[in-house]
Amino acid sequence: MALKNSTESWGRLSKLFHWLTAALIFIQIPLGFYAKSLGLSPLKIDVFVWHKSVGMLVLLLVVARLLWRIKNSIPAPLTSNRLHLMLASGVHGMLYVLMLALPLSGWLTASASMFPTKLFWLIPLPALVSPDSATKTLAADIHSACVYITIAVLLLHISAALWHHFVARDSALKRMWF
Ligand code: HEM
Ligand code: HEM
């Protein structure tokens, strides 16, 4: 399997980026809700350190993934239907925007709150803004809205992948799998 994308299939690196970010986001959503639900305790602080660390890792991965995508050609679409093509690129574009907006809004929330964080207990998370409770509330609302929009767009994305595999029976899912 080639490292780069071909006209028929995604390359090894694009597949790795796709499934690694997907897995981390599937962990991040329940982890975020769990962290928020806990009462103030050392456990809450630890769970938030994990949440912020994994979230910043997602940001790094997405930036690397976008650079790799810009430098590569992508597999040919499996349909020539204009509406279908527009829907697919719209959903994929939204997912890229959300994969950036989620960690950035989280980072802003963390910066505006009073809790300095060390990512993976090692690297201090630089603050984007100085602590301020109105900014924190606004950023947390944006972070939360991004979460619900992501869940809705992902339901569409996953349904489309299953539709391709089981109904249209084309290679869409296979060419993104290893
Ligand atoms: C069970 C979960 C998932 C399945 C089955 C799945 C399936 C797929 C498939 C088959 C493609 C290839 C589409 C094509 O070749 O045109 C794809 C592309 C894509 N997926 Fe997923 N996906 C999943 C989860 C996710 C998650 C969690 C995200 C991010 C939040 C995501 C973001 C994307 C993006 C942005 C693309 C477009 C890639 C590009 O054009 O560079 N996927 N997915
Ligand atoms: C990869 C992306 C991320 C996802 C999917 C995600 C998901 C979530 C979820 C589901 C919640 C609970 C939301 C709610 O109760 O409405 C949450 C809360 C939170 N997240 Fe994230 N998050 C991500 C990245 C980050 C990053 C990078 C940081 C900080 C560096 C962060 C900081 C926070 C904070 C501080 C809260 C609590 C907000 C509040 O007090 O309402 N998140 N996140």
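Me: How do the residues of the shell around ligand 2 divide into nonpolar, polar and charged?
Reply: This is a predicted model, and in it the shell holds 12 nonpolar, eight polar and three charged residues. If a glycine there puzzles you, it goes with the polar ones, because Gly is counted in that class. G106 is one of the residues that come nearest to ligand 2, along with K36, H51, H143 and S144.

Me: What makes the site of the iron atom of ligand 2 octahedral?
Reply: Six donor atoms surround that iron, with angles of 86 to 179 degrees among them. To earn the name, opposite donors must be over 155 degrees apart and all other angles must fall between 65 and 115. The site passes, so octahedral is the word. For orientation, the ideal angles for six such donors are 90 or 180 degrees.

Me: Which residues are the protein donors there, and how do you know that they count?
Reply: They are H51 and H143, each through NE2, lying 2.0 Å from the iron atom of ligand 2. A nitrogen within 2.8 Å of the metal counts as a donor, so both qualify. The pair also ties distant parts of the chain together: H51 belongs to helix α2 and H143 to helix α4, 92 residues apart.

Me: What polar contacts does ligand 2 have with side chains, and what makes them polar contacts?
Reply: Among them is K36, with a polar side-chain atom 3.1 Å from an oxygen of ligand 2. K136 has one 3.3 Å from a ligand oxygen. In the side chain of H51, an N or O atom is 2.8 Å from a nitrogen of the ligand. The cut-off for a pair of N or O atoms is 3.5 Å, so these three pairs make the grade.

Me: Which elements give two or more residues to the shell around ligand 2?
Reply: Helices α1 (12–37), α2 (42–71), α3 (82–112) and α4 (133–168) do. The chain has four helices and two strands, running α-α-α-β-β-α along the sequence.

Me: On to ligand 1. What makes the site of its iron atom octahedral?
Reply: Again six donor atoms, here with angles of 88 to 180 degrees. The test wants opposite donors over 155 degrees apart and the others between 65 and 115, so this site is octahedral too. H18 and H157 are the protein donors, both by NE2 and lying 2.0 Å from the iron. H18 sits in helix α1 and H157 in helix α4, 139 residues apart.

Me: How do you know that W10, Y96 and R175 make polar contacts with ligand 1?
Reply: Check the distances to oxygen atoms of the ligand: 3.0 Å for W10, 2.5 Å for Y96 and 3.1 Å for R175. Each pair is within 3.5 Å, so each counts. W10 and Y96 are also among the residues that come nearest to ligand 1, out of 20 around it.

Me: Which helix gives the largest share of the shell around ligand 1, and what is the shell made of?
Reply: The largest share is from α1, with five residues, while α1, α2, α3 and α4 each supply at least two. By class, the shell has 14 nonpolar, three polar and three charged residues. W10 falls on the nonpolar side, since Trp counts as nonpolar.

Me: Which pockets do the two ligands take up?
Reply: Ligand 1 takes the largest pocket, and ligand 2 the second largest.

Definitions and conventions: Residues numbered from 1 in each chain as written. Chains lettered and ligands numbered in written order. Predicted model: local features only at pLDDT ≥ 70, side-chain atom pairs only at ≥ 80, totals over all residues. Heavy atoms only, no water. Near = heavy atom within 4 Å. Polar contact = N/O pair within 3.5 Å; in protein donor to acceptor, adjacent residues only side chain to side chain. 1 Å grid on protein atoms, 1.4 Å probe; cavity = no way out; pocket = protein on both sides within 12 Å on 5 of 7 lines; lining within 4 Å. Sits in = over half its atoms within 2 Å of the grid points. Donors = N, O, S within 2.8 Å, 3.2 Å for Na, K, Ca; no water. Tetrahedral: all angles 85-135°; square planar, octahedral: opposite > 155°, others 65-115°.
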